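Student: Please take me through a close look at one part of this model. I would also like to hear how that part fits with its surroundings.

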Amino acid sequence: SLYLVLLRKWDMHPAPWEGLFVLLGLGTMILLPGFIAQEVKSADALDYSWPVWGSIAFIGIGMGALYLHLISFGTGRIGATRASLFAYAVPLFVTMESILFLGSALQTYQALGALLVVGGVFMVAWFRTREPHPSEVHH
């Protein structure tokens, strides 16, 4: 959020890969000192099971880098308003992945939430009034 505010304030327009690099770099700089401090205090530093390492890689690569890159790419293609609608779909993807890969069972509240999210995104996308492009405005 801070990154997006600063981009707007400074009127900057980085390429998608540049923005991704900055976000990942800032996130690493913020989180790494705490991670190192925790591991130094731990008796068995970095001694995690393979499912934990897999989860870390999945979250970091799949839900972190790939998601940010796709949102940035999509913003350039379809505009910020439409691309931002896909951010609401992230919980749906997490739920589907937990069902497929972790064997979780779909709960009633998750199904209801999914219907509300999909319905809300559909209504915003379908019923949104498009503002005319500046070239279409005649004075």
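## A close look at one helix residue and its setting

Tutor: Happy to! His 69 has its place in helix α3, where helices (H or I, at least four residues) and strands (E, at least two) are DSSP runs, numbered from the N terminus. With 32% relative accessibility, His 69 counts as partly exposed; the classes are buried under 20% relative accessible area, exposed over 50% and partly exposed in between, with a 1.4 Å probe and protein chains only. Phe 21 is 48 residues from His 69 along the chain, yet their C-alpha atoms are separated by 9.4 Å.

A word on the ground rules. This is a predicted model, in which local features need pLDDT of at least 70 and side-chain atom pairs count only at pLDDT 80 or more, whereas totals for chains, interfaces and linings use all residues. Residues are numbered from 1 along each chain as its sequence is written, and side-chain values use heavy atoms, with hydrogens and water left out.

Now the wider fold. The protein chain has six helices and zero strands, giving the pattern α-α-α-α-α-α along the sequence. Of its 139 residues, 11% count as buried. Taking contacts (heavy atoms within 4.5 Å) between residues at least 6 apart in sequence, 45% join residues at least 24 apart.

Helix α3 also helps to form a pocket. The second largest pocket has a volume of about 260 Å³ and is lined by 11 residues, with Ser 55, Phe 58, Glu 97, Phe 101 and Leu 102 lying nearest its centre. The elements that give two or more residues to this lining are α3 (50-78) and α5 (90-102), and the largest share, six residues, comes from α3. A pocket here is found on a 1 Å grid over the protein atoms alone, as an open set of points where a 1.4 Å probe fits, with protein on both sides within 12 Å along at least five of seven lines; lining residues have an atom within 4 Å of a point. Grid points are joined across faces, edges and corners, and the volume is the space filled by probe spheres set on the points.

On to α5, where Thr 95 is found. Thr 95 is buried, since its relative accessible area is 18%. The Thr 95 side chain reaches the backbone oxygen of Pro 91 at 2.9 Å. Leaving out residues up to four places away in sequence, Thr 95 touches Leu 106 and Gln 110. Ala 111, in helix α6 (residues 108-127), is 16 residues from Thr 95 in sequence and 9.5 Å from it in space, C-alpha to C-alpha.

Turning to the other side of α3 in sequence, Asp 44 lies in the loop between α2 and α3. The side chains of Asp 44 and Ser 42 make a polar contact at 3.3 Å, meaning a pair of N or O atoms within 3.5 Å; within protein, one must be able to donate a hydrogen and the other to accept it, and residues adjacent in sequence count only if both atoms are side-chain atoms. Glu 39, in helix α2 (residues 16-41), has a side-chain polar contact of 2.3 Å with Tyr 48. Apart from neighbours within four places in sequence, Glu 39 is in contact with Ala 45, Leu 46 and Tyr 48.
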